[in-house]
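Here's a quick look at how one sheet is put together. Have the viewer open while you read.

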Amino acid sequence: DARNFSCLLSRIGVSRTINLQVLPKPPVDRVEDLKVATHGFTATVTWAPVADATFYMLNLIPGNTIVKTEDLEYHFEELLPDTQYTVEVLPGNTGGISTDVMPATVDFRVSREGKSSCDYDVCFSIKGDIIEEGDDYVMVPESSTV
């Protein structure tokens, strides 16, 4: 646990108090049971808790999106279809992140086909082709039903 200490230093009638904080050692165990589930263009990453960890650092590659969370899951949104992603997860606490612990990694790909969305009160499925137009993707449906 972190501990706070105060030290009084004085010399020739002048004194100062110095506050010291002793930090805990960073977690020494690696993240285990790292899983990813995709839905539409989102991915939910989950993992088991690590002893002495109070937060987790995630890195989404490509893009180098770095996220700090205290939860045991994180949702990445607006992912690109047909893109191979890697997520790295490291445990940390107020003592930092151990340089001796390798990140846990999981690879996944977001598919273009049969996307479903239930982000709103109405759920729907879309089937068709996604075509690239410049920097954007456009859905060309086979048929549409509402």
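## A cut-off first

A residue is called buried when its relative accessible area is under 20%, and exposed when that value is over 50%; anything in between is partly exposed. Keep in mind that this is a predicted model.

## The sheet as a whole

Three strands make up an open sheet, lined up in the order 3-4-7 with antiparallel pairing. Strand 3 (35-39) and strand 7 (73-76) sit at the edges, each pairing on one side only. On average, neighbouring strands here are turned by 20 degrees against each other, ignoring direction.

As a reminder, strands of a sheet pair through backbone hydrogen bonds, in either a parallel or an antiparallel way.

## Strand 3 meets strand 4

Strand 3 and strand 4 (residues 42-46) run antiparallel and are joined by five bridges. If you want to check the register, His-39 stands opposite Thr-42, and Lys-35 stands opposite Thr-46.

The two strands form a hairpin with two residues between them, and Gly-40 takes a positive phi near 60 degrees there.

## Strand 4 meets strand 7

On to the other pairing: strand 4 and strand 7 are antiparallel too, with four bridges between them. Here Val-45 of strand 4 stands opposite Tyr-74 of strand 7.

## Two faces of strand 4

Which side chains of strand 4 are buried, and which are not? They alternate along the strand: Ala-43 and Val-45 point to one face and are buried. Thr-42, Thr-44 and Thr-46 point to the other face and are not buried. So those three threonines do not fall under the 20% cut-off for relative accessible area.

Note on methods:
Residues numbered from 1 in each chain as written. Predicted model: local features only at pLDDT ≥ 70, side-chain atom pairs only at ≥ 80, totals over all residues. Heavy atoms only, no water. Pairing = 2+ DSSP bridges. Axes fitted to C-alpha atoms, helices over the stretch in contact; angles between N-to-C directions. Buried < 20%, exposed > 50% of the residue type's maximum accessible area, 1.4 Å probe, protein only.
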